[in-house]
Amino acid sequence: MSYPAPHAVPHIPRSGAVAARATALSKVYGQGETRVAALDSVSVEFRRAEFTAIMGPSGSGKSTLMHCMAGLDTISSGSTRIGDVELGSLGDRQLTALRRDRIGFVFQAFNLLPTLSALENITLPMDIAGRKPDPQWLQQVVATLGLSGRLAHRPSQLSGGQQQRVAVARALTAQPEIIFADEPTGNLDSRSGAELLGFLHESVRALQQTVVMVTHDAVAASYADRVVFLADGRIVDELREPTADAVLDRMRRLPGGNPRTPAFDAKGRTS
Ligand SMILES: Nc1ncnc2c1ncn2[C@@H]1O[C@H](COP(=O)(O)OP(=O)(O)OP(=O)(O)O)[C@@H](O)[C@H]1O
Ligand SMILES: [Mg+2]
C-alpha cells in the first residue's frame, strides 16, 4: 500500500499535540425516576496521530462520550475541547462549522443521504465545506474499502456492510483532525473488518490521522495504540500497545455494574 506524501495532508499541525480532550465531563439524561448519569466526571485526552479504542459494557457511556466530545450532544458539566477550542464557548453556527471542518464521523446509523450516490455521500462534507478531495487519496480510500464498483449506487442499493464502508470512506476522505467511529466494524464480516481496521491503522501511521473508535471486539481493539475502558460512565482502566488477549483479560475484570469491584481504586486505576 502506498500513501500520498505527508505534504498532501492539509495544513493541520498534528505531532504530539492533543486532538481532543474531555475534562470532568458529566452527562445526565432525563430527571427524577428516568434520570441516567451516562457519564460521570470523565477526563480523557486523545493525542494526535494516535488510534484509541474505547471499550466497555453496553450502556457504559461509550457513544455518549463520543457524541459529547464531537459536539453532537450537550454536556451537563465539565468541558470538552477539539484542539484548543472549547466547544462550550462556541455558538451553534460555530459548532456546526467546527464539526464540518475538523471532525469525521462514523456512527452506528450511517447517516448516509438516501438520494445521493455513494460517491456523492463520500464527498458531501467536503463539498459543503468548499474543499476538493485529493483525487489520489479518494481513489485509494475507495479501492481499499472495496467500493470502486459501487460508487454510482444509492445507499438503498448497498448492503449494510457496504453502507458502513461508505460512511468510513466519507470520514477518511476529508482527512479531518479527528475521526470518531462508533463500532465501524459492527456490520462487517471478519475479512472486511480486518481490512478496514488495517486501513485505519495505516491512516494513523502514514497520514498522522487521529482515530477514536468504539468497539466490542478485543481483536479490533488490538489494532489501536491504546484502549480506554468505560464502565458505568467512568473510565476505569487503560491499556497501551494492546494485544487481543490483554484486552480480553481487562474486559473480564471490568465491573459489570454497581457496586464497583475492588480491583479498581478510587481513580479507576488497577492496583
Ligand atoms: N437520549 C438518551 N436519553 C436517555 N438516556 C440515554 C440517551 N442516550 C443514552 N442514554 C443512556 O445513557 C447510558 C449510556 O448510553 P450509551 O449509548 O452511551 O452506551 P454505550 O456504551 O454506547 O452502549 P452500547 O454498547 O450498547 O452502544 C445508557 O444507560 C443509556 O440508556
Ligand atoms: Mg453505543
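Reader: Which strands does helix α1 lie across?

Author: In this predicted model, helix α1, residues 62-69, lies across β1, β2 and β4. Its direction is at about 120° to that of β1.

Reader: How should one read the sheet to which these strands belong, and in what order do its strands come?

Author: In general, the strands of a sheet pair through backbone hydrogen bonds, in either a parallel or an antiparallel manner. Here, 4 strands make an open sheet with the order β2-β1-β4-β5, and their pairing is antiparallel. At the edges stand β2 (36-47) and β5 (85-86), each of which pairs on one side only. Within the sheet, β1 (residues 18-29) and β4 (residues 77-82) are joined by 5 bridges. One position to locate on the structure is Thr23, which stands opposite Ser79 in β4.

Reader: How many residues lie between the strands in the hairpin of β9 and β10?

Author: There are 2 residues between the strands, and Asp232 has a positive phi near 50° in this hairpin. Strand β9 (residues 226-231) runs antiparallel to β10 (residues 234-240), and 6 bridges join the two. Arg226 faces Arg240 of β10 across the pair.

Reader: Which residues of helix α3 are buried, and against what do they pack?

Author: A residue is called buried when its relative accessible area is under 20%. In α3, which spans residues 118-129, the buried residues are Ala118, Asn121, Ile122, Thr123 and Met126. They pack against α4 (135-144) and α5. Just after α3 comes Gly130, with a positive phi of about 70°.

Reader: What is the nearest side chain of opposite charge to Arg170?

Author: That side chain is Asp127, 11 Å away; Arg170 is buried yet has no salt bridge. Arg170 belongs to helix α5, residues 160-173. A polar atom of the Arg170 side chain does, however, lie 2.9 Å from the backbone oxygen of Asn111. Beyond residues up to four places away in sequence, Arg170 touches Phe105, Phe110, Asn111, Leu112, Asn121, Ile122 and Pro125. Of these contacts, Asn121 and Ile122 are among the buried residues of α3.

Reader: Why does Ile179 count as buried?

Author: Ile179 counts as buried because its relative accessibility is 2%. This residue lies in strand β7, residues 178-182. Apart from neighbours within four places in sequence, its contacts are Gly104, Val106, Ala171, Leu172, Gln209, Thr210, Val211 and Val212.

Reader: How far apart are Ile179 and Thr210 in sequence and in space?

Author: They are 31 residues apart in sequence, while their C-alpha atoms are 6.2 Å apart in space.

Definitions and conventions:
Residues are numbered from 1 along each chain as its sequence is written. Chains are lettered from A and ligands numbered from 1 in the order in which they are written. This is a predicted model: local features need pLDDT of at least 70, side-chain atom pairs count only at pLDDT 80 or more; totals for chains, interfaces and linings use all residues. Side-chain values use heavy atoms; hydrogens and water are left out. Two strands pair if DSSP finds at least two bridges between them. Contact means heavy atoms within 4.5 Å. Axes are lines fitted to C-alpha atoms, for helices over the stretch in contact, and angles run from 0 to 180 degrees between N-to-C directions. Buried means under 20% relative accessible area, exposed over 50%, partly exposed in between (1.4 Å probe, protein chains only). Lys and Arg count as positive and Asp and Glu as negative; His and the chain ends are not counted. A salt bridge is a side-chain nitrogen of Lys or Arg within 4 Å of a carboxyl oxygen of Asp or Glu. A polar contact is a pair of N or O atoms within 3.5 Å; within protein, one must be able to donate a hydrogen and the other to accept it, and residues adjacent in sequence count only if both atoms are side-chain atoms.
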